[in-house]
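Work through the following exercises with the sequence and the coordinates at hand, and attempt each task before reading its solution.

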Amino acid sequence: CVIGDNVIMVNNASISGHVQVGDWAILSGYSLVHQLFNRRALFVGPAAFVYHDIPAYVTAFGSPAEPRTINREGLKRRGFTADQIALINQAYKLLYRRGLQLEEAIKSISEISDDPAIKMFLTSLAHSTRGIIR
């Protein structure tokens, strides 16, 4: 397992397999992560069981883990601008709320902006090896 910089792992958070936890991730208490691949600034809720990759900036809760929203507070603390957070939220909605197939969502997200935050979001989707939570 490889754990990035500035990661918070709360009591009894567990990772197993070939896990790479990206920078600025937060794994809540009793969360279980199996084969997570390099995600940045995400938030995994308490007692969540993660089977699939979580896109950058997304919060996930439940067993199995499901996407809930973006990690707004974490993004604010990291210095993301209000415009960047709005773009990330728009990308999240395209991916999870519009009912698009993954390829359609990626195409739509790539058209909204060339901001580095959106590029990181798209990179996290492109580098998924186990599929993303849906």
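**Exercise 1.** Find the bridge partner of Phe61 in S10, and then place the two strands in their sheet.

*Solution.* The partner of Phe61 in S10 is Glu66. This model is predicted, with local features requiring pLDDT of at least 70 and side-chain atom pairs pLDDT 80 or more, while totals for chains, interfaces and linings use all residues. Residues are numbered from 1 along each chain as its sequence is written, and side-chain values rest on heavy atoms, without hydrogens and water.

Next, strand S9 (residues 58-61) pairs with S10 in the antiparallel sense over four bridges, where pairing requires at least two DSSP bridges between the strands; strands are DSSP runs of E with at least two residues, and helices are runs of H or I with at least four, numbered from the N terminus. The open sheet has five strands in the order S2-S5-S7-S9-S10, with mixed pairing. Strands S2 (8-9) and S10 (66-70) each have a single partner strand, so one side of each lacks a neighbour in the sheet.

**Exercise 2.** Determine which strands H2 touches as it packs on the sheet, and whether Asn89 is buried or exposed.

*Solution.* H2 touches S9 and S10, and its direction makes about 155 degrees with that of S10; axes are lines fitted to C-alpha atoms, for helices over the stretch in contact, and angles between N-to-C directions run from 0 to 180 degrees. Asn89 lies in this helix, which spans residues 82-96. Asn89 is buried, with a relative accessible area of 15%, because buried means under 20% (exposed is over 50%, partly exposed in between; 1.4 Å probe, protein chains only). Leaving out residues up to four places away in sequence, Asn89 touches Ile70 and Arg72, contact being heavy atoms within 4.5 Å.
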